[in-house]
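Visitor: I am new to this structure and would like to be guided through it. Could we look at it together before I begin to ask?

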Amino acid sequence: MLTSLVLLAASAGSSPIVNNVEPPYWWTGMRNDTLQIMVSGPGVGNASVSADYPGVTLLQDVTLDNPDYKFLYFKISPETKPGEMALNFKLGKKKQTIDYSLLERKKAGEDHKGFDASDVLYLLMPDRFAKGKAAASDPYEGLRFKAQPDRNNPNARHGGNIQGIIDHLDYLQNLGVTALWVCPVLENDMRGGSYHGYATTNYYRIDPRFGTNEEWQRLVAEAEKRGMKVVMDMIFNHSGSEHPWMESMPAKDWYNHPEGDVLTNFRLTTVHDPYVSDFDKDATVNGWFVSSMPDLNQRNPHVMKYLTQNSIWWVESSGINGIRMDTYPYADMNGMASWAKDVMTEYPNFNIVGECWYANEGGSAFWQKGSRLNDTETELPTVMDFRLSIDGRKFFNDETTPWTGLNGLYDHLSMDFLFPDPQKILTFLDNHDTDRFLLSEPENLDSWKQAVTFLLTSRGIPQIYYGTELLMNGSKEGSDGYIRLDFPGGFPGDKVNAFEASGRTPMQNEAWDYLSGLLRWRRDVANDVIAKGQLKHFMPINCAYVYERRLGDKSVIVMINGTDDTLDLPIDRYSEILPEGSEWTIAPAGTPFELGKDISLKPRQTLILQNF
């Protein structure tokens with residue numbers, strides 16, 4: 001079964017009525033029994049259509065403002081068998097029959113396991129991670145814009161691809177991560193190349209510079225063999241300005257502000273502001289993200305059905321374990337709620353995380369499913385902890401006062417009462433849109449170790465950004481490319497190969513070993529305690545932050561010295577988690593720890609104890 005779209009043949013000696021069909025195929029046995037098929041071609045909206053297949057009924061034949069598009073809605077009964085469904089088109093004297101494939105599902109919806117707090121996500125940008133030998137002979141097939149890679153330009157494509165990720169799955173497994181969040185891989189046929197992937201021009205095609213649909217499927221399959229999950233990055237708030245829809249919109253209201261002169265104000269507070277003006281809210285949710293990313297109208301039911309089916313198609317066709325949805329609050333809230341509900345109904349054990357970029361806890365909590373702060377049920381399971389990313393450098397580098405440093409971290413977690421499910425918060429120190437946690441190469445790793453330890457032992461679903469294990473650093477000031485540097489050794493001709501210990505500096509190896517040891521301990525030893533355990537923390541006193549994760553009789557205790565001085569912690573203050581006579585080992589090494597009347601922490605030391 002070909003997963004790329006092809007030109008469909010018409011009757012002999014004539015041009016086709018239909019040039020394109022989306023989705024290219026579907027499945028029987030889906031929970032939602034209604035299938036939308038969008039067909040396009042010159043004047044296809046005026047064509048008559050009939051379908052002949054047992055168990056399938058044509059419910060609606062819809063043409064909107066543009067006669068070059070037609071939307072067909074079919075009901076597929078639960079008894080429908082897999083096979084080829086004949087779609088018969090007639091336009092004047094022209095006739096065309098399309099055999100539309102209805103496939104058998106590989107596994108039930110319940111079997112699509114999503115990512116959760118037992119996982120650690122490794123976020124990577126395919127263009128900057130690694131380049132493998134491409135399967136396609138022409139990486140520019142069907143593209144209009146064919147800018148060549150230029151690794152000297154931080155804003156150009158550098159040539160990384162899906163095969164490069166596949167080639168280094170063993171490295172990632174050895175590092176200890178359990179899931180990959182891959183920045184967008186769909187076609188971005190844009191001027192300048194759109195290396196980041198956030199300007200989609202074809203929702204059913206992997207960008208040929210990254211690979212093929214089959215290579216994406218192979219990545220997911222190879223990751224699964226190694227016990228790793230894959231999270232696919234999607235963008236439904238906007239498309240790329242070079243999407244064919246922009247040249248020929250299916251409907252006048254397919255996009256918001258199609259005139260293109262209204263940009264978003266980037267003020268997400270308007271979404272929940274009780275006093276907001278219509279003007280300001282419209283600018284937030286209906287304005288274009290940038291001039292090259294026009295804003296899709298999720299209030300149009302045909303748009304929303306198209307987008308929802310697209311998500312389900314990628315889950316079903318490739319077996320991904322989760323979706324990260326970009327710019328979540330910028331889209332229509334009700335439209336995205338229906339999307340999330342439909343996806344999660346089809347795949348009850350799946351997971352979705354929405355990018356809700358707020359500097360405060362309330363804004364993030366507003367969007368999580370079950371929020372008491374929002375009158376609309378968003379159906380969004382997981383939100384992102386941007387506050388930790390924004391203030392993380394202060395939390396772990398400033399000495400604690402009553403309001404800063406580790407006290408700020410304590411206060412941040414104290415706001416978790418706002419969230420319906422704190423274990424479904426995606427936590428991170430940095431990502432592809434923020435400054436690196438390390439702005440420059442550090443003199444020592446003390447504060448860095450404290451930050452990554454907290455990230456991997458506190459509540460939520462941790463995400464680390466590629467190169468964290470190598471102490472990759474930098475600021476986005478001047479160019480986002482400076483926080484999206486190439487992984488050393490990922491590209492032919494690289495003089496340094498940091499995938500191997502021999503290619504790393506002593507400090508990089510120290511960081512790699514520490515992070516890897518912690519990741520593998522979390523994955524192989526303490527997973528249930530960290531993923532499911534209750535969190536109890538103590539207000540930082542004398543610049544020491546202490547917290548426990550407990551599940552049944554198993555306990556993990558983390559102690560962080562936020563100062564440059566030695567600290568002696570009196571055990572009696574922590575007796576409810578460190579009872580007299582209890583036995584502990586130091587994690588992840590497993591060496592015995594003798595519990596006395598106090599615990600001495602070296603300057604900036606991080607100590608992890610476990611009792612199992």
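Guide: A term to start with: a salt bridge is a side-chain nitrogen of Lys or Arg within 4 Å of a carboxyl oxygen of Asp or Glu. Please keep in mind that this is a predicted model.

Visitor: How far apart, N to O, are the side chains of Glu222 and Arg226 in their salt bridge?
Guide: Side chains of opposite charge can pair when their charged atoms come close. Arg226 is partly exposed, with a relative accessible area of 21%. The side chains of Glu222 and Arg226 meet in a salt bridge, and the N to O distance is 3.0 Å.

Visitor: In which helix do Lys532 and Asp528 both lie?
Guide: These two side chains, Lys532 and Asp528, also form a salt bridge, at 4.0 Å from N to O. Lys532 has a relative accessible area of 56% and is therefore exposed, since exposed means over 50%, whereas Asp528, at 43%, is partly exposed. The two residues are four residues apart, about one turn of the helix, and both lie in helix α14 (residues 527-532).

Visitor: With which residue does Arg144 form a salt bridge whose closest N and O atoms are 2.9 Å apart?
Guide: Arg144 counts as partly exposed, at 43% relative accessibility, and its salt bridge has closest N and O atoms 2.9 Å apart, the partner being Glu247. The pair links distant parts of the chain, 103 residues apart, with Arg144 in the loop between α1 (126-129) and α2 (162-167) and its partner in helix α5 (residues 244-247). That partner, which counts as exposed at 61% relative accessibility, is Glu247.

Key: Residues are numbered from 1 along each chain as its sequence is written. This is a predicted model: local features need pLDDT of at least 70, side-chain atom pairs count only at pLDDT 80 or more; totals for chains, interfaces and linings use all residues. Side-chain values use heavy atoms; hydrogens and water are left out. Buried means under 20% relative accessible area, exposed over 50%, partly exposed in between (1.4 Å probe, protein chains only).
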